[in-house]
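Got your viewer open? Let's take a short walk through this one, selecting as we go.

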Amino acid sequence: MTAVALSVRDFEAAARATLDPVYADFIAGGARDEITVRANEAAFGELQLLPRVLRGNAVRSLDITLFGGRASMPVLLSPTAFHKLVDPEGEVATARAAAAAGAIMVVSMASTVAVGEIAEAARRACEGADPPPLWFQLYLQPDREITEALVRRATDAGCAALVVTVDSAVLGAGERNRRNGFHDLPPGLRCENLVDLRDGENGHVRQILMSAEFTWEHVDWLRGITDLPILLKGVLHPDDARLAVRHGVDGLVLSNHGGRQLDTVPATLELLPEIAAAVEGRVPVVLDGGVRRGTDVVKALALGASAVGIGRPVMWALADSGEKGVRRLLELLREELDDTLALCGASGVADLTPELVRFPSWGPRSGRVVP
Ligand SMILES: Cc1cc2nc3c(=O)[nH]c(=O)nc-3n(C[C@H](O)[C@H](O)[C@H](O)COP(=O)(O)O)c2cc1C
Ligand SMILES: CC(C)CC(=O)C(=O)O
């Protein structure tokens, strides 16, 4: 670490000082013109906070409970692939830092450490105390036996929920990766969750098949083979959010994949009021995309999210200074979040309601839904 990071964004500059630019591009990049990448962050800047005062909230809590599992902050680590690309310990370092912070980590199906080993590292980091929940992210696979095997691996590892990414009928067009010729993991690194599956390849990225063949019937099938809560990640249309609830899904991750799949879709924050209205509180909604500040977290929660996820910041912090970096990142967010709650007159996440935010230019004529 070159200097002590004072904000989430500091980690990117610090990481870039030493990271292979090809990997930095892989992390930073998005699909096509990266319009959605920029929109995600910009939307938080547009929304304003309108605080309450003299509320007497000297004692504050950032705790949340999701599917019966407790976490000490409403910020979870969104699934990101290939942590060993940027740190020799990879997901083990990330999991230790998340466990120490009491934050939920979503393990990517494309992790470079097996999910069981990640779970073990998290347990050990908590020294006997209950670690925060670990969730597992899954791309449905055309071969159902492969999907089943992955669900079994996640379940055996003690994962508390499955996050099924549904925005990837094809792999997003990351032009930076194409320009850099980055298609494979370097020698020695594998997608460890895919090792020794029926199709014989041993942990090659190629094994993760993106397919446009999936339908709601596959979600029903998944519902039938597991008792774990299922969240769909990447539902953007309110009609799909309603369908998801009808198909018995337990939660949504409102995500545009950090702008890495379909470019020019709206910022997730902008969609949040419509999605929250569509699900009518029947299932929790976790938002990710562009969250960089405690104020961003408060805005998303005020508009109806139960929690938020962070993707790139975790990769930058890990690349900069490993487990220590991710710990510091989560501490910074916790401090900012607590500070923002105090300044908004709130004592906890339950106090974060739509009255706390204002849309300066998002009037009815803009077509945006104002809560
Ligand atoms: C390097 C990188 C790898 C990612 N890998 C996955 C993945 O394996 N599965 C997935 O569902 N989403 C993946 N995502 C998307 C994140 O889960 C998340 O939706 C996104 O990064 C949130 O936006 P943010 O980076 O602005 O916080 C990845 C994102 C990045 C930047
Ligand atoms: C294709 C996956 C392996 C990673 C991913 O989802 C991403 O890089 O956005």
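How do the residues of the shell around ligand 2 divide into nonpolar, polar and charged? Select the ligand and its surroundings in this predicted model: you should pick up Ala 81, Ala 110, Leu 171, Ile 208, His 257 and Arg 260. The split is 4 nonpolar, 1 polar and 1 charged.

Now keep His 257 selected, since UniProt has something to say here: an unreviewed entry puts the feature "active site" at this residue. Follow the backbone either way and you'll find His 257 sitting in the loop between β9 (251-254) and α10 (268-279). Is His 257 buried or exposed? With 25 other C-beta atoms within 10 Å, and 20 being enough to qualify, His 257 counts as buried. Leaving aside residues up to four places away in sequence, add its contacts to the selection: Asp 167, Gly 172 and Gly 234.

Next stop, α11. Select residues 294-302 and you have a mostly covered helix, with 9 of its 9 residues buried. That includes Asp 296 and Lys 299, along with Val 297, Val 298 and Leu 301. Step just past the end of α11 to Gly 304, where phi turns positive, at about 115 degrees.

Finally, zoom out to the whole chain. Colour by secondary structure and you get 12 helices and 12 strands. The radius of gyration is 19 Å, close to the 21 Å from the globule rule for 371 residues, so the chain is as compact as a globular protein of that length. Its C-alpha atoms fill a box of roughly 60 × 50 × 45 Å along the principal axes, and 51% of the residues count as buried.

Notes. Residues numbered from 1 in each chain as written. Chains lettered and ligands numbered in written order. Predicted model: local features only at pLDDT ≥ 70, side-chain atom pairs only at ≥ 80, totals over all residues. UniProt positions renumbered as here; feature names shortened; annotations may be inferred. Helix = DSSP H or I, 4+ residues; strand = E, 2+ residues; numbered from the N terminus. Buried ≥ 20, exposed ≤ 12 C-beta atoms within 10 Å, placed from the backbone. Contact = placed C-beta atoms within 7 Å. Near = placed C-beta within 6 Å. Nonpolar A, V, L, I, M, F, W, Y, C, P; charged D, E, K, R; others polar. Rg over C-alpha atoms; globule rule 2.2 N^0.38 Å.
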